[in-house]
Amino acid sequence: MSSNFTQVENPVLVVEGKQADNERLKAESDYLRGTIKEDLQDRMTGGFTSDNFQLIRTHGMYQQDDRDIRAERQKQKLEPLHNVMLRARLPGGIINPTQWLAIDKFADDYTSYGSIRLTTRQTFQFHGVLKPNIKLMHQTLNSVGLDSIATAGDVNRNVLCTSNPVESTLHQEAYEWATKISEHLLPKTRAYAEIWLDEEKVETTEADEIEPILGSNYLPRKFKTTVVIPPNNDIDVHANDLNFVAISEGGELIGFNVLVGGGLAMTHGDKATYPRCADDFGFIPKEHTLAIAEAVVTTQRDWGNRVNRKNAKTKYTLDRVGADTFKAEVERRAGIEFSESRSYEFTHRGDSFGWVEGIDGKNHLTLFIENGRILDFNDANSGSKALKTGMREIAKIHKGDFRLTANQNLIVAGVSAEDKAIIEQLAREHGLINDGVSNQRKSSMACVAFPTCPLAMAEAERYLPGLVDDVEAILEKNGLKDDSIILRVTGCPNGCGRAMLAEIGLVGKGPGKYNMYLGSDLAGSRVPKLYKENVDEAGVLSEIDALSARWSAERNDGEAFGDFVIRAGIVEQVIVSFRDFHHA
Ligand code: HEM
Ligand code: SF4
């Protein structure tokens, strides 16, 4: 197995040179405190100043402004309308009805978009919270047992877990591991509690080891962890730094295969950046989970590139030092050896909608939420839907919990037989169940992009619904009405909508322009390959028309679109070395 790994002779374990400025700001931050507290009092600006602008990320917030009105405000000589986006920490995406009702009310009362956004990393975001309301937001979350610690910045972020309500005993245990990993790897600093929850500062001395795992400079870059239950790869292991693949025997969890070094982000035109699949290090019994998680994180902490942030993620560390060297170091630190990987298979990544009965006899209803946007709306094109009200009405009577999926959908989980009818009725009445949603729409996904994301180069969330209308018509014309293609759009190459694991991935290049990638598979084990650059919206449609017509006419029995484009030689397959991603 290990002979398949990248081999590197005389590896450079630590990259020397002038450290990135983020290293200075973490070091000087007094364990993520900075001067955020003082800044909060400053009402001359709606934003955060100097280092605090970055430091608030480690507390789960990004400073943003509405890009649709930026130019207008500039004309009026006003500063951009600063606000924050908050991302909660929700290991495994599980939230209970009391918590739901609290976030629903906060979204109504204090966010400028009035929505709850379910994200591709199984949590929710509030968009558009103004500075005077930020503390209240954290205190509201805290009052119902939630927080947003370490959901952004150079730390281990929200830990994902497959949303699998069917095998519920296994899911329960996998979910518990996701929570334990999340807690084990959290920053230990009390900065969050002091700043947002007004807890008193406890004096620490030099000798106190405040961050035994993350270190005083935290990690070189963001770090993402998952627990996944085959055959569903809904969380997309290859988009994450560290993955625990659940291995069960007779329905009992016995341990995990550990996959390290996945990641999707790249920069247009910079060939030193590339998406990379994770390597399988081997199997560990479940009791070693936390020790291995810690060893992977500390190895990346010590060997990750702190000079160049564009090459700082675990995927680049693995390629620089060699996966064998990285793995041996993890074994040394944990005092545990990986054994041969156990066999498992991923077959799909999508959610199954509608009701299923779990092995515990409880019922689970998966709802399709377009773009993960929970909002009441009324517009000329899509009619009116009261999704947010519907969820609130369900939360008022629901006795189980809710599970956010990594595909931006939502499961009403643990419904007793008696409550099934009323929950379904509420969901239908408020547009949360729509039997007419096509397979294509269910297989499509987009990141947020405009108007809130400062990095967006092209539309994504707002572009997707109309794009899917057109793709549906094309598929129908080509005799593919019930077929679907995994279609994902991101507003820039950072990859938040996981386009680099799609059968058709559209990656924003500029306003109305996308780079088109083709060829991932249903299991998500392959990175797609660049097919056309700078395609406009009309071009996207004509390409999809031509490609799907060929797929319809030439495919083998049951052949998926991504497999077809490779077999037909439309794009080459990227497999072995991801350094060759740009060239192969
Ligand atoms: C250098 C790489 C990246 C940067 C700088 C970045 C930055 C951002 C920013 C600024 C947002 C906020 C957008 C908004 O809500 O207005 C965002 C959202 C998000 N990002 Fe990233 N991101 C990166 C890569 C990724 C990757 C590879 C993933 C997952 C595979 C990811 C997952 C998410 C998720 C789940 C959201 C929330 C919104 C959504 O569901 O689309 N990010 N990111
Ligand atoms: S992919 Fe780019 S545009 Fe989309 S949310 Fe992420 S950073 Fe923003």
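These are my notes on the domains, the ligand shell and the nonpolar core of a predicted model.

**Domains.** I began with the division of the chain, which gives domain 1 (1-10 + 158-200 + 218-349), domain 2 (354-438) and domain 3 (440-582). I then looked up how domain 1 sits relative to domain 2, and found their C-alpha centres 31 Å apart. The contact between these two draws 10 residues from domain 1 and 11 residues from domain 2. Sorting the domain 1 side of that contact by class, I noted four nonpolar, three polar and three charged residues.

**Ligand 1.** Next I asked which residues come nearest to ligand 1. Of the 20 residues around the ligand, these are Thr119, Thr452, Cys453, Asn494 and Cys496. By class, I recorded 10 nonpolar, eight polar and two charged residues in the shell. I also wanted to know where ligand 1 lies with respect to the domains. Because domain 1 and domain 3 both contribute residues to its shell, ligand 1 lies between them.

**Nonpolar core.** I turned last to the largest nonpolar core, which has 149 residues, and looked for the members that touch the most others: they are Ala174, Ala178, Val227, Ala246, Val258, Val412 and Ala460. Helix α9 (residues 289-303) gives the most to this core, supplying six residues. I followed up Val227 in particular and, leaving out residues up to four places away in sequence, found that Val227 touches Val159, Cys161, Ala174, Trp177, Ala178, Phe244 and Ala246. As background, I note that nonpolar side chains in soluble globular proteins tend to be buried together.

Terms used
Residues numbered from 1 in each chain as written. Chains lettered and ligands numbered in written order. Predicted model: local features only at pLDDT ≥ 70, side-chain atom pairs only at ≥ 80, totals over all residues. Core = buried A, V, L, I, M, F, W, Y, C linked by C-beta atoms within 7 Å. Buried ≥ 20, exposed ≤ 12 C-beta atoms within 10 Å, placed from the backbone. Helix = DSSP H or I, 4+ residues; strand = E, 2+ residues; numbered from the N terminus. Contact = placed C-beta atoms within 7 Å. Near = placed C-beta within 6 Å. Nonpolar A, V, L, I, M, F, W, Y, C, P; charged D, E, K, R; others polar. Domains from an automatic or database assignment.
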